[in-house]
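Colleague: Can you walk me through this one? I'd like to go over helix packing, cysteines and aromatics.

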Amino acid sequence: MASEFDIIRDYFKRPMTGALLGIGDDAALLAVKPGTELALSTDTLVSGRHFFADADPYQLGYKSLAVNLSDMAAMGAKPRWTLLALTLPEELASPDTSWLAEFSKGFFTLADRYRVELIGGDTTAGPLNIGVQIIGEVPAGQALRRSGAQPGDDIWVSGKLGDAALALKHELQQITLTSEEIAQCLPSLLMPEARVELGRRLTGLAHSAIDISDGLVADLGHILAASEKAASIDITDIPCSAVLKKYWQQKFATDCLLAGGDDYELCFTAAEINRREIEALSAELAVPLTRIGKIHSGAGLIVKDAQGHAMTLEITGYDHFNT
């Protein structure tokens with residue numbers, strides 16, 4: 001088994017360009033630009049709960065950073081630095097396995113794309129557990145928050161929802177998709193696309209935002225709670241893939257769309273006056289942006305079915321302690 005310091009040196013230590021001091025000391029040192037605020041977020045991925053024990057290490061390295069980049073996107077922040085806490089079973093830390101090489105390759109593929117530096121962290125032995133902290137910068141006073149939704153706002157979502165949850169149901173053998181269908185859905189689960197540039201461009205346009213990690217109903221509910229507002233959305237307006245539409249008459253399809261989670265798309269609210277600018281941004285970035293409802297005064301969320309009737313929702317989203 002490789003030592004902790006061998007693992008750091010061989011797989012994770014790189015020259016620093018944006019940090020004053022990175023891996024190799026008791027703490028990293030950062031220089032923050034004047035007029036900016038720091039945005040920080042942490043996510044933990046646990047084997048057997050957030051990913052399968054035999055998950056592909058390249059995809060796992062990629063996703064472990066992607067879910068944190070999505071948090072930066074939701075705040076309108078530019079991701080800059082990250083820390084990685086990696087708990088490894090002995091068999092994965094052995095020099096004889098390619099697991100660490102593939103994991104770090106997937107992690108740095110995405111880090112390099114967004115010019116994010118790994119500046120520190122920790123490694124230890126134990127059941128496989130991946131903890132990532134990310135640090136970003138946002139111009140002072142311009143961060144997107146959950147608490148800014150206003151009555152009359154349009155509710156928007158990026159991309160398409162539901163495919164990741166549909167793929168997970170297939171992998172758990174709860175449903176059966178064809179080989180073509182799973183090939184279309186599985187990338188959404190294993191290698192989600194963080195909407196970093198979209199989030200940064202929404203500052204000044206959106207009143208509130210959140211990334212959809214636990215399901216649309218649950219995460220939109222967080223915006224409503226923080227903003228002390230109500231909302232109504234139409235299920236027929238929520239964008240989804242042709243694969244999910246094929247199963248539309250099945251209850252599991254609407255559960256995936258409304259409450260499945262793992263989408264890592266953005267849900268945001270903005271004034272009607274900004275519709276054209278948001279549509280132009282959608283075209284410029286080649287990211288589908290869809291209006292699905294409205295913000296109202298009051299409290300609560302109404303989801304309307306195809307006939308305009310309020311739906312009764314049995315499942316509203318993922319809960320780490322009740323799943």
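Modeller: Sure, I'll take those topics in that order.

Modeller: Bear in mind that this is a predicted model.

Colleague: Fine. At what angle do H5 and H6 pack?

Modeller: About 110°, with the axes 7 Å apart. H5 covers residues 163–171 and H6 covers residues 179–190.

Colleague: And how would you describe H5 relative to H6?

Modeller: H5 is roughly perpendicular to H6, because angles of 65 to 115 degrees count that way.

Colleague: Which residues make the contact?

Modeller: From H5, Asp-163, Ala-164, Leu-166, Ala-167, Leu-168, His-170 and Glu-171. H6 contributes Ile-182, Gln-184, Cys-185, Leu-186, Ser-188 and Leu-189.

Colleague: How do the residues of that contact divide into nonpolar, polar and charged?

Modeller: Eight are nonpolar, three are polar and two are charged.

Colleague: You listed Cys-185 there. How many disulfides does the count come to?

Modeller: Zero.

Colleague: Why is there no bond for Cys-185?

Modeller: The closest cysteine sulfur belongs to Cys-256 and is 8.9 Å from the sulfur of Cys-185, so that is too far for a bond. A disulfide needs the two sulfur atoms within 2.5 Å.

Colleague: And what is the closest cysteine sulfur to Cys-240?

Modeller: The one in Cys-185, at 10 Å, which is also too far for a bond.

Colleague: Are those two cysteines, Cys-185 and Cys-240, buried or exposed?

Modeller: Cys-185 is buried, with a relative accessible area of 0%. Cys-240 counts as buried too, at 8% relative accessibility.

Colleague: Changing topic. How many aromatic pairs does a search of the whole structure find?

Modeller: Five. One of the pairs is Phe-107 with Phe-108, whose ring centres are 5.6 Å apart.

Colleague: Why is that pair called edge-to-face?

Modeller: The planes of Phe-107 and Phe-108 are at 85°, so the pair is edge-to-face; the cut-off for that is over 60 degrees. Both phenylalanines, Phe-107 and Phe-108, are buried.

Colleague: What about Tyr-247 and Phe-252, how do their rings sit?

Modeller: Tyr-247 and Phe-252 form a tilted pair, with 45° between the planes and 5.7 Å centre to centre.

Colleague: Is Tyr-247 buried or exposed, and what about Phe-252?

Modeller: Tyr-247 is buried at a relative accessible area of 16%. Phe-252 has 19% and is buried as well, because the cut-off for buried is under 20%.

Colleague: Last one. Which residues form an aromatic cluster with Phe-107?

Modeller: Trp-99, Phe-103 and Phe-108 are in one cluster with Phe-107.

Technical notes. Residues numbered from 1 in each chain as written. Predicted model: local features only at pLDDT ≥ 70, side-chain atom pairs only at ≥ 80, totals over all residues. Heavy atoms only, no water. Axes fitted to C-alpha atoms, helices over the stretch in contact; angles between N-to-C directions. Helix = DSSP H or I, 4+ residues; strand = E, 2+ residues; numbered from the N terminus. Parallel < 35°, antiparallel > 145°, perpendicular 65-115°, else oblique. Contact = heavy atoms within 4.5 Å. Nonpolar A, V, L, I, M, F, W, Y, C, P; charged D, E, K, R; others polar. Buried < 20%, exposed > 50% of the residue type's maximum accessible area, 1.4 Å probe, protein only. Phe/Tyr/Trp six-rings, centres within 6.5 Å; stacked < 30°, edge-to-face > 60°.
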